[in-house]
Amino acid sequence: AMSKEDLNGSVIELKGGLENAGFEEYGEGSQQQDPSAPAIALSPGVQEGDYTQIRPYAGMPKEVLLRYSSQARYRLPRELLFWLSVLCTVALVTLTVTVVALSPRCLSWWQLSPVYQIYPRSFQDSDNDGVGDLKGIQSRLDYFQYLNVKAIWISPFYKSPMKDFGYDVEDFRAIDPIFGNMEDFEDLLASMHDKGLKLIMDFIPNHTSDKHIWFQMSRNGTEKYKDYYIWHDCQNTSNGTIYPNNWVSVFGNSAWEYDPMRNQCYLHQFLKEQPDLNYRNPEVMKEMMDVIRFWLEKGVDGFRVDAVKHLLEAQHLRNEPQVNSDQPPENISSHVELYHDYTTTQLGLHTILQEWRALMDEYSREPGRYRFMVTESYDEGEIDKSMMYYGTPLVKEADFPFNFYLIDLPDNLSGNGAFKLVDLWMSNMPKGKWPNWVVGNHDKSRILSRTGKEYINVINMLLLTLPGTPTTYYGEEIGMENINVSVSEIQDPLGKFNISENRDPARSPMQWDSTENAGFSKNKTWLSVHPDYVTVNVEAQKAESWSVLQQYRALSFLRESELPLHRGWTCFVLSSRDIFAFVRELDGYPRAFLIVLNLANRTTTDLASVLPDLPAQLSVRMSTRDSAAGQSRQAARLETERGEGLVLEYTATRLVHNSPAFQDKCFVSEKACYQSTLGILYKNC
């Protein structure tokens, strides 16, 4: 270190520097170098511009870097790394495109989960007026997560005079005060979506209430609304009305009603308080499109479209043929006494449904927000008409039409009976479409009351192991039965016309616990609670080992967790008086499942003779009998009790759907194969 005085006498200390022996400062006493002389002595033959440094060094100038980068030992590794990166990128892109191209379509939410139907009057009462409501439903949303159910269909809650308990709509854009208000609905929908649940609404397009503003404007002759409904001249005399034809309402008696204000008759295929809309008027179609749009904008996830086959009627208004041609025409008063050739499934019906589906598709473009559509149409004995609601390969309609055929299972409760009803749908369903199964709803007697308690678990197992989407009517998961309703207590309009058609018994309040009114309401109930609610209720069955509720829940989780059970092949392998058995399997999947359902009497079945490739021992994955789970059963001698159901698991050496003997007994909606190494599904296999 050294110091040096500056001009002001201050001392500046310089230290920490490095000496450069090769540096000479020009000044007095120094020898000035000849500028023409080279700074470095060059070896002979080396030009001044040539650089002879042996190795590259940090901070080298560009000219030096370029000189070294062109050398093979530096250039080749660099080029190798570059092309290797390019090849890896191309391979990754190719693999991604291949996986996407070969992967089957992901199943949508309505395919992955059972659908649970809520009859809102009977599910949960939050304000203790005796009638269920939207806030009550919201308070029970955790129950669906417990069940592992993610799709909920709620029957009508529109503003209504309640002549048909909500199916007579006074305002399609309002909530009836008995159920709450629009804010309650929006809160319910938001809570459902927060919990990963989907909401399916009832859409009732065939008719409105006679209190609807459209009908009031139509009957008083307001020009715009004149043809919103189906009006026709008729003769009203002191002896009664002479109607335009012999058409009969679903609820009985003439489908025409005289209106003194308009001095004409209007058509009502249901109650006289439910006038039919005129879909041959484009303005009506536009109005109903706007109704759908209104609820889709709210965020509703789908619609169950009510009574679709009644949307159009023949314009010629001819009399419908009588079932019994010898019956005096003036005595006809019941819907079942006519063939409904001119009031159902008319030309143009499917065009209407296709337009609604197209509108819903506009709102389905956001990932995870597919808008679901299911149609309701009772087409007894005319399954070809039911299948038309699937649409065509080019034009979509419903995601599926409700399949009501299993509702008739109690009429022939046997293995053969179950097979015939299941096969009826599967063998008629268009290729690639998705099946569904229903055993009860708000219009039909509860399944348990028609079969007996011993069959409820095996029927739930049938529903949740068949291919497609099962629909559960509230209470079926705990084994609720019909209530007894005296004549004086009947509230159902259909039941008032025909006691044998009364639907009230299947609409009793949900049984939540053993407290007063089964936990449904603290005050009263609009229909009586079933007297067995003390033991048959949700809380009791949550605590009870292997109860009806526990089995339903286990089946729901099993269906979700095993690929063959929700998207694999289904092969019907055996049907007899006692047994209905089918296999669920998937190409490449390590496990297959044999479902064995006893729907009649205790029996022993030789499955080895039916399926020679079965292992001798089959593992019980699930049984309707608690003690059987985890056991092994002999394929050649499988014993089952009345009402017992088994899910048997095994490793398949040869898949059943590849066997020539079962080619016409196997079905799959969307074929896929499982790649066990990568754990992925692929198609074109």
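Here are three short exercises on the structure above, each with a worked solution.

Keep in mind that this is a predicted model, where local features need pLDDT of at least 70, side-chain atom pairs count only at pLDDT 80 or more, and totals for chains, interfaces and linings use all residues. Residues are numbered from 1 along each chain as its sequence is written, and side-chain values use heavy atoms, with hydrogens and water left out.

**Exercise 1. Find the domains, then describe how domain 2 meets domain 3.**

Step 1: Start with the bounds, which come from an automatic or database domain assignment. You get domain 1 (62-102), domain 2 (113-210 + 284-558), domain 3 (217-267) and domain 4 (567-682).

Step 2: Go from centre to centre. Taken over C-alpha atoms, domain 2 and domain 3 have centres 30 Å apart.

Step 3: Look for contacts, meaning heavy atoms within 4.5 Å. Here 21 residues of domain 2 touch 19 residues of domain 3.

Step 4: Work out the buried area (the accessible area, with a 1.4 Å probe, that two parts lose on being put together, summed over both). For this pair that's about 1,600 Å², with 63% of it on carbon and sulfur atoms.

Step 5: Check who supplies the domain 2 side. Helix H8 (282-298) and helix H14 (493-497) are the elements giving two or more residues to it; helices are DSSP runs of H or I with at least four residues, strands are runs of E with at least two, and both are numbered from the N terminus.

**Exercise 2. Hunt for salt bridges.**

Step 1: Fix the rule: a side-chain nitrogen of Lys or Arg within 4 Å of a carboxyl oxygen of Asp or Glu.

Step 2: Count. The structure holds 33 of them, but between domain 2 and domain 3 the count is zero.

Step 3: Zoom in on one pair. Arginine 219 bridges to aspartate 259, with the closest N and O atoms 2.6 Å apart. This pair links distant parts of the chain, 40 residues apart: arginine 219 sits in helix H7 (residues 213-219) and aspartate 259 in strand E11 (residues 256-259).

**Exercise 3. Compare the UniProt record with the model.**

Step 1: Read the unreviewed entry. It annotates residues 80-102 as "transmembrane region"; such annotations may be inferred rather than shown by experiment, positions follow the numbering used here, and feature names are shortened.

Step 2: Turn to the model. Residues 80-102 are 100% helix and 0% strand, and their end C-alpha atoms lie 32 Å apart.
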